[in-house]
Amino acid sequence: MRRFSGRLRSASIIGLQGIRARKLRTLLSMVSLFLGVLAVVVVQAGAGIAERLQLADLELQTGIDGTKVLYGVPPVAGAGQAVVDTVRGRPDAVAMVGLTAVVGEPGVRPVNAGGSPFDQNWGGASQICDATGKCYDPNAGLPQGQAIELRLTALTGDVREFRPYRPQSGAWLDFASAPMMAPRLVLNEEAAKGFERYHVPAQMRVNGASADMTPQLIGVVKDGDPQPHGYVRLDELTNWLPLARLTDPNGMSDIQVAMAASTPVEPVLTAKLKGLGGADMSIETIDSRKEMQDQLNLLRLIFLAMAGLVLVIGAAGVLNVGLATVGERVEEFALRRAVGTPRAVLAGIVLAETLLTGLFTAAAAIGVSVAALKAVTVVLGPSEPFLQGVEFPWSAGVSGIIAGLVAGILGGFVPAIRAAGIPIATVMRA
Amino acid sequence: MTELIRLTGITKVLKGQKEPRTILDGVDLTVRAGESVAIVGRSGSGKSTLLSVLGLFDRPDSGTYSLDGRDISRLPERHAAKLRSSHFGFVFQRFFLLKHLTAAQNVAMALINGQGWLPRRDRRARVMAALEQVGIAHLARNRPVKMSGGEQQRVAIARALVRDPRVLLADEPTGALDTETGSIVIDALQEATTRGCALILVTHDRDHAARMGRIADLRSGVLTERSHTLSAGRLS
């Protein structure tokens with residue numbers, strides 16, 4: 001170990017001396033290597049940032065990794081009530097009842113019938129089915145008017161533990177206060193766009209409600225949903241729409257329950273729903289990262305292969321400079337052998353120089369990438385929100401260092417072998 | 001004085017030509033600690049080859065080479081490197097100083113050779129002591145380009161002495177110097193013998209050879225001892 005340490009230190013010191021003595025050559029080696037290492041860093045950083053951004057959007061829609069989601073609440077009377085009773089007041093589980101609502105003039109066809117995004121026309125309308133299973137278009141024959149159709153999700157608690165909706169303006173639903181008669185509504189960005197574009201009366205209709213409601217718009221969040229969507233407290237909605245009707249199996253609602261990874265709610269709820277005949281229930285654990293990584297990995301591999309090619313070309317440049325340098329230093333290496341330097345240390349000296357060159361190049365490439373990312377986020381950040389808060393992934397830095405070291409080894413290996421093989425007699429015959 | 005080096009029947013044949021050529025032909029030589037030996041002979045007589053064998057740069061084709069009573073004729077390169085570092089110091093006709101390093105760094109080269117590790121303070125002390133020994137400690141920070149030939153050769157001698165070698169091998173160390181400077185260099189080399197280091201000097205200069213304790217003449221690969229009655233001038 002001590003011998004190895006002495007050899008390593010000797011090779012490092014002499015390597016550094018060699019770099020200092022041949023600054024221009026080191027610089028030229030770095031230039032030839034720079035693009036390759038930069039390509040690796042950029043590909044890794046790009047993939048890391050894309051993964052993070054994609055994951056962040058995916059989390060909004062499907063939930064944070066590890067969250068359990070219960071689907072398929074049985075379409076039987078009492079199932080909705082059982083779900084709400086089980087999760088009410090619990091921080092580790094939230095029931096989400098989804099339904100359709102129309103805000104605006106009564107007796108008209110909404111501007112986005114079917115709940116389509118406002119810049120797209122899906123051309124259809126939400127169907128409503130009655131107790132006999134017969135479905136119909138509630139807007140059939142109505143003239144188009146100032147009304148907006150949106151998907152409404154009624155919540156029993158703060159769902160952001162499981163789906164980290166990002167606040168854009170206003171406030172999120174306050175579950176600690178007493179429920180209000182005028183339901184408070186938090187919109188997603190698409191719904192907010194509709195309310196900004198169309199001036200509609202504050203009158204909300206939900207199928208099965210005893211009367212139209214006057215909603216209060218209190219905030220806007222980013223939820224990753226391209227359709228107009230609103231969030232409301234379930235207990236404020238049930239002031240106007242009894243829970244039994246809200247969760248009517250023949251209605252348009254659907255129920256999901258988001259739960260923490262380990263919660264007693266799961267077995268209790270499962271038992272209750274099974275008792276009510278729920279055979280088709282399923283509980284899924286969210287694992288977005290793995291699914292997304294499978295998709296991203298292929299793309300990353302393709303780009304890394306291209307970056308690797310550029311890196312190999314750079315390493316060839318280092319090899320070229322290394323061979324020329326060893327050729328010029330024949331006497332020095334022969335002399336070093338004469339004073340007792342082992343062949344392995346001579347090879348180590350050349351490798352230390354190319355490895356240090358690789359490391360310096362990696363540091364430069366990482367520095368340029370970090371600065372470029374910073375500049376892009378500062379310049380384009382205000383107009384491109386997805387760039388806000390983007391940070392340089394450390395994994396890209398590590399990849400850059402590894403790429404620099406690998407290129408250093410590739411470029412230095414042959415010159416190192418040549419240096420180790422220089423005969424000592426060179427100094428005698430000089 | 002204890003026996004340090006013993007060569008017995010050393011032969012070295014140069015192959016790779018039409019006919020193999022014998023460079024060293026049964027060379028016998030014994031050198032004791034603190035002794036100085038001049039090896040003289042015409043150009044091409046095999047002096048440098050003999051020095052290569054003595055310095056473990058090359059292996060003899062036959063014969064025995066003993067150092068401190070230990071046979072080192074067939075030493076693997078790994079062990080030979082270790083022995084070169086611990087037992088031998090080399091001075092060549094050309095100084096072989098690295099121009100990007102200072103005098104002190106050039107001397108330290110022999111200490112930073114992967115054979116053990118000395119802390120910087122100890123290293124510096126030994127380098128300065130070696131430079132002091134050859135009288136150029138004041139030039140420690142100078143680079144070779146700012147030194148005269150004699151000063152550069154003394155740096156090379158300091159590099160050879162810095163590890164306190166048992167044997168100092170010098171291959172025409174004054175060949176590139178004027179008479180006066182050459183004499184100073186020989187003084188510096190002989191100084192080492194007072195501390196028990198054996199000196200083997202290959203030279204063409206009769207005066208320098210005459211200052212050694214013994215003179216051996218190498219002719220056509222055969223080494224013979226001479227008496228101390230050389231006339232002044234250069235051997236050819």
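These exercises work through a predicted model with chains A and B.

**Exercise 1. The sheet of chain B**

Work out the strand order of the open sheet in chain B, and name its edge strands.

*Solution.*
- Step 1. Count the strands: the open sheet has 4.
- Step 2. Read the order across the sheet, which is β2-β1-β4-β5, with antiparallel pairing.
- Step 3. Look for strands that pair on one side only. These are β2 (21-32) and β5 (70-71) of chain B, the edge strands.
- Step 4. Zoom in on one pairing. Strand β1 (residues 3-14) of chain B runs antiparallel to β2(B), and 8 bridges join the two.
- Step 5. Fix the register with one residue pair: B:Ile10 faces B:Val27 of β2(B).

**Exercise 2. Two domains in chain A**

Describe the domains of chain A and the contact between them.

*Solution.*
- Step 1. Take the bounds from the domain assignment. Domain 1 covers 2-60 + 290-429, and domain 2 covers 68-285.
- Step 2. Locate the centres over C-alpha atoms: those of domain 1 and domain 2 of chain A lie 55 Å apart.
- Step 3. List the contributors. Domain 1 of chain A gives 4 residues to the contact, and domain 2 of chain A gives 8 residues.
- Step 4. Evaluate the buried area. The two domains of chain A bury about 480 Å² between them, with 53% of it on carbon and sulfur atoms.
- Step 5. Find the main residues on the domain 1 side. A:Asp57, A:Glu59 and A:Leu60 lose the most area to domain 2 of chain A, together 90% of what that side buries.
- Step 6. Classify the touching residues of domain 1 of chain A: 2 nonpolar, no polar and 2 charged.
- Step 7. Check for specific pairs across this domain interface. The rule finds 0 salt bridges. For residue pairs in polar contact, both at pLDDT 80 or more, the count is also 0.

**Exercise 3. Where chain B meets chain A**

Characterise the interface of chain B and chain A by area, pairs and composition.

*Solution.*
- Step 1. Begin with area. Chain B and chain A bury about 2500 Å² between them, 63% of it on carbon and sulfur atoms.
- Step 2. Count residues in the contact: 27 from chain B and 25 from chain A.
- Step 3. Count salt bridges between the chains, which gives 2. One of them links the side chains of B:Arg94 and A:Glu331, at 2.9 Å, N to O. That distance passes the test of within 4 Å.
- Step 4. Add the polar contacts: 6 residue pairs, both at pLDDT 80 or more.
- Step 5. Assign the chain B side to elements. α1 (47-54) and α2 (77-87) of chain B each supply at least two residues. The largest share, 4 residues, comes from α2(B).
- Step 6. Sort the chain B side by type: 12 nonpolar, 9 polar and 6 charged.

Definitions and conventions. Residues numbered from 1 in each chain as written. Chains lettered and ligands numbered in written order. Predicted model: local features only at pLDDT ≥ 70, side-chain atom pairs only at ≥ 80, totals over all residues. Heavy atoms only, no water. Pairing = 2+ DSSP bridges. Domains from an automatic or database assignment. Contact = heavy atoms within 4.5 Å. Buried area = accessible area lost by both parts, 1.4 Å probe. Polar contact = N/O pair within 3.5 Å; in protein donor to acceptor, adjacent residues only side chain to side chain. Nonpolar A, V, L, I, M, F, W, Y, C, P; charged D, E, K, R; others polar.
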